[in-house]
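Student: I would like a close look at a single part of this model, worked through with care. Please take one sheet and what surrounds it, and then turn to the charged pairs.

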Amino acid sequence: MSGLIAQLAAVGLAGPLAVAGYRKLTTPTAELPWPIERGPLATPYGPRITAIAELLAVVGAILLPGVWAAAPIALMYAGLTGVAVALRGRRCACFGARQTKAIGALHIAANAAAATVAVVALLLPGSAAGLPARGGAVVLGLAISLTVLLLLERRRPAAEAPCTEPVFAVALYVSDHCPSCRSLKQLVSTMDAARRDAVEMTVLQPGDDLPSAAAGLGVPCAVGLGADGQPVCPAVDGIGKVKALIDRVVIRAESSAHAG
């Protein structure tokens, strides 16, 4: 009985890992605000390696017999807890580009709680033999994963109509701990002078919040500004969308003359 409890607990905790792994594996790395800058887990391979590790932990939770099903889940959440502590305050796309938040106490506590539950399940007394109810555990794990994925999808903002207002400047927000930001800054540096001058870049420090106009987004992100310096278009994030916004900037005659 304890083996069944451990396996059901493991596949239950595997749901968020399945969603996180799937999202990171299917999102272009350039769109992920990845906080690790050095080593094998840095961009572009870091998000993919982490996603594969999360998905392998899910597979282990489903296939391993008895209490051993909790072992890969405990290891995965323990590792995520340690990483979250080390990167506290940095923005990270744990569930892909849409769910980007600064790593905080709640994030760390959630991972630690999941690791603790998995360890308790692993230490339950009982046989590690295979379970006849494994098919039910698999179905439960897949159902939980699908439910979490659907809930996250429902939270995604509805697609907005393209902004047709003229954009005269762009407020760009980047971070020194964001590989995508460095790539975007390099891209902006190759643009013509008049377009570069229209970009108002703000470098966020660890713990800094984005302005209300860009709340809920990750870096790099940008807001299109009108002739009066006020936002005229919804904020966008990711290299591709930010570059497209900068490309829309209306170059004024005096700026063109000055650039020439």
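Student: In what order do the strands of the open sheet of four strands lie, and what kind of pairing do they have?

Tutor: In this predicted model, the strands of the open sheet follow one another in the order E4-E3-E5-E6, and the pairing among the four is mixed. Strand E4, residues 199-204, and strand E6, residues 236-237, stand at the edges, and because each has a single partner strand, one side of each is left without a neighbour in the sheet. Helix H6, which spans residues 179-189, packs on this sheet, where it touches both strand E3 (169-175) and E4, and the direction of the helix makes about 145° with that of E3. At the E6 edge, strand E5 (residues 221-225) is joined to E6 by two bridges, and these two strands run antiparallel. Within that part of the sheet, Cys 221 stands opposite Asp 237 in E6.

The charged pairs can be taken next, and the count of salt bridges comes to four. One of them can be placed by its residue numbers against the elements just described: Lys 185 forms a salt bridge with Asp 176, with 3.9 Å between the closest N and O atoms, a value to be read against the cut-off of 4 Å from a side-chain nitrogen to a carboxyl oxygen. Lys 185 counts as partly exposed because its relative accessibility is 25%, and Asp 176, at 40% relative accessibility, is likewise classed as partly exposed.

Another salt bridge lies in helix H8, residues 239-247, where Asp 247 and Lys 243 are four residues apart and therefore separated by about one helical turn. The closest N and O atoms of Asp 247 and Lys 243 are 2.8 Å apart. Asp 247 has a relative accessible area of 37% and so is partly exposed, while Lys 243, at 30% relative accessibility, also counts as partly exposed.

A further pair is formed by Lys 24 and Glu 54, whose side chains meet in a salt bridge with an N to O distance of 3.0 Å. This pair links distant parts of the chain, since Lys 24 belongs to helix H1 (residues 2-26) and Glu 54 to helix H2 (residues 45-63), with 30 residues separating them. Residues count as buried when their relative accessible area is under 20%; Lys 24 is therefore buried, at 2% relative accessibility, and Glu 54 is buried too, at 3%.

Methods
Residues numbered from 1 in each chain as written. Predicted model: local features only at pLDDT ≥ 70, side-chain atom pairs only at ≥ 80, totals over all residues. Heavy atoms only, no water. Buried < 20%, exposed > 50% of the residue type's maximum accessible area, 1.4 Å probe, protein only. Pairing = 2+ DSSP bridges. Contact = heavy atoms within 4.5 Å. Axes fitted to C-alpha atoms, helices over the stretch in contact; angles between N-to-C directions.
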